[in-house]
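Q: I would like a close look at a single part of this protein, followed by whatever helps me place that part in its surroundings. Please take it step by step.

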Amino acid sequence: MIGRRAFLFSASAACASGGALVGMPARAAPATSYAAFLAGVRAEALRNGLSASVVGRALALQAPNDKVLQLDRHQPEFTLTWAQYRQRVLTEKKIADGRSAAQARRALLAAVGQRYGVDVQPLMGIWGLESAYGTRIGTFRITDALATLAYDGRRASFFRSELMNALRILDHGDVEPERMIGSYAGAMGQPQFMPSAYLRYAVDYTGTGRRDIWTSEPDVFASIANYLGKCGWVAGEPWGQAVSVPAGLAQERLGRDRRMTLTDWMGLGVRRLDGTAFSRGDITGAVIRPDGPGGEAFMVYRNFSVIRRYNPSDFYALAVGLLGRDVT
């Protein structure tokens, strides 16, 4: 089982540190007024050489955003099994919409995948999970949300750093403050990149001089592909597959860090889902069975770990892989 909080945030910073926020520290009361806080951010941005006019426009804020605070403070505390999560996320509508979207963009997806050495399946899986194929990118102004959380949030230093990154993006001219929108937690555009991830991985695929992950699908796909490619995606290799596991195989023998060759796994009774042997025994993989004995089991390979760099949740990575498989 996994807490909902474990997959609220996507694509934050870098491959080395993973994509999601981890841990929920206690909130400390702000020591200064909001105006004083913004003045400090503005001064820091100017010291870093950012444009005064851009910074002034982005930080023309009057008060912390109450809706952001409400969402941040009242996240529902519940857990989901993998079966429940899969049922909620991989709906018939999500799959049908994905098939239509993939078919309409087949040439673009193929071109992007070839350029960055990334298969089409994870591009569609991530796009579908993060923003329902670009239809749900969030409505919060990013500087407003990040300033609110940096001032009154549980991870003030993290969000202040992301706010400064957002100001750097605006200073570069990629997007106007009013169009820089996303989730209440600062994840932006169709791929739901945090600003730090945007600075590392966002791509101007169309050559307009702007990296537009809000409205340019070529830039969106290329940015996701660039992220996965730089995190080690190996084109042509599977992320994983459903398998059958003997009921007597202890859960302690499983987990993504317990890697063995498929020959060794077959020696323990693991087979393809249809009961047949794996075609190659020299491949190394790990077996995960998220809901324990009686639940679904998957053999996962190194590309599975790459998906987890986007969001470090087994549930998320499985959903990306399965959705990408079903829609392409």
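Q: How much space lies in the second largest pocket?

A: In this predicted model, the second largest pocket holds about 230 Å³ of space. Its lining is made up of 13 residues, and those closest to the pocket centre are P238, L262, R280, I283 and Y301. Sorted by class, the lining of this pocket comprises five nonpolar residues, three polar residues and five charged residues. Proline, leucine, isoleucine and tyrosine are counted as nonpolar and arginine as charged, so P238, L262, I283 and Y301 fall in the nonpolar class while R280 falls in the charged class.

For the surroundings, the UniProt record, an unreviewed entry, carries the annotation "domain: Transglycosylase SLT" for residues 35–324. Over residues 35–324 the chain is 51% helix and 9% strand, and the C-alpha atoms at the two ends lie 46 Å apart.

Three helix pairs can be described in turn. Helix α8, spanning residues 142–152, packs with helix α9, spanning residues 156–172, at an angle of about 155°, their axes being 8 Å apart. Because angles over 145 degrees count as roughly antiparallel, α8 is roughly antiparallel to α9, and the crossing of these two helices is left-handed.

Helix α9 also packs with helix α1, which covers residues 34–47, and here the angle is about 55° with the axes 11 Å apart. The two helices α1 and α9 are therefore oblique to each other, and their crossing is right-handed.

The remaining pair to describe is helix α6, residues 106–116, and helix α7, residues 120–131, which pack at an angle of about 115° with their axes 9 Å apart. That angle makes α6 roughly perpendicular to α7, and the crossing of α6 and α7 is right-handed.

Key: Residues numbered from 1 in each chain as written. Predicted model: local features only at pLDDT ≥ 70, side-chain atom pairs only at ≥ 80, totals over all residues. Heavy atoms only, no water. 1 Å grid on protein atoms, 1.4 Å probe; cavity = no way out; pocket = protein on both sides within 12 Å on 5 of 7 lines; lining within 4 Å. Points joined across faces, edges and corners; volume = space filled by probe spheres on them. UniProt positions renumbered as here; feature names shortened; annotations may be inferred. Helix = DSSP H or I, 4+ residues; strand = E, 2+ residues; numbered from the N terminus. Axes fitted to C-alpha atoms, helices over the stretch in contact; angles between N-to-C directions. Parallel < 35°, antiparallel > 145°, perpendicular 65-115°, else oblique. Left-handed = near helix turned anticlockwise from the far one by under 90°.
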